[in-house]
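Please take a moment to look through the sequence and the structure shown here, and keep both in view while reading the paragraphs that follow.

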Amino acid sequence: MSRRREELRKKVARGQARARGEPVPGPSPNPASNLIMANAIVRTGSILFRKAVEKRMLKGRYGKDGAQSIVENQGLGTTLTGMALSRIASRSSTGAIVVGGGMIAKTLYDRRQAKKAQARGDAELLEKTAED
């Protein structure tokens, strides 16, 4: 590593605002503080966006109040599973393919089960109609 680069690293480590002779963009002259603030803002925005999307997806079926209570009352397991899957999917393209494939497989499985349940229900209704 060059001597100049090492000097810059030391200046940044000390929290000096002008590590390269230029002002650090952001609300604070300390680059580490700016990164912490940016991280907090991005994570907060992500959480708010996720909750809005979840409510929007559930609103059509359960109504506004029902969707809000479902989103707000999610358990720890659901939250941790979602975080783990998003972490795996965001780390590599292979992870994204695996997680996406799993989601597609789960959707297809659920749809297949719904069709079977509907067919069973229809058969039961026809049997009851035939008995009457």
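Two residues are said to be in contact when heavy atoms of one lie within 4.5 Å of heavy atoms of the other. With that in mind, and remembering that this is a predicted model, we can begin with the overall plan: the protein has four helices and zero strands, and reading along the sequence gives the pattern α-α-α-α.

Consider next how two of these helices meet. Leu 85, Ile 88 and Ala 89 in H3 are in contact with Gly 95, Ala 96 and Val 99 in H4, and, sorted by class, this contact of H3 with H4 has five nonpolar residues, one polar residue and no charged residues. The axes of H3 and H4 come within 5 Å and cross at roughly 135°, which means that H3 is oblique to H4.

The same two helices also take part in the largest pocket, whose lining receives at least two residues from each of helix H2 (31-72), helix H3 (76-91) and helix H4 (93-131). The volume of the largest pocket is about 1,200 Å³, and among the 24 residues that line the pocket, Arg 50, Glu 54, Gly 82, Met 83 and Ser 86 are the closest to its centre. Taken by class, the lining consists of 10 nonpolar, nine polar and five charged residues.

Finally, the protein can be viewed as a whole: of its 132 residues, 7% are buried. Among contacts between residues at least 6 apart in sequence, 2% join residues that are at least 24 apart.

Key:
Residues numbered from 1 in each chain as written. Predicted model: local features only at pLDDT ≥ 70, side-chain atom pairs only at ≥ 80, totals over all residues. Heavy atoms only, no water. 1 Å grid on protein atoms, 1.4 Å probe; cavity = no way out; pocket = protein on both sides within 12 Å on 5 of 7 lines; lining within 4 Å. Points joined across faces, edges and corners; volume = space filled by probe spheres on them. Nonpolar A, V, L, I, M, F, W, Y, C, P; charged D, E, K, R; others polar. Axes fitted to C-alpha atoms, helices over the stretch in contact; angles between N-to-C directions. Parallel < 35°, antiparallel > 145°, perpendicular 65-115°, else oblique. Buried < 20%, exposed > 50% of the residue type's maximum accessible area, 1.4 Å probe, protein only.
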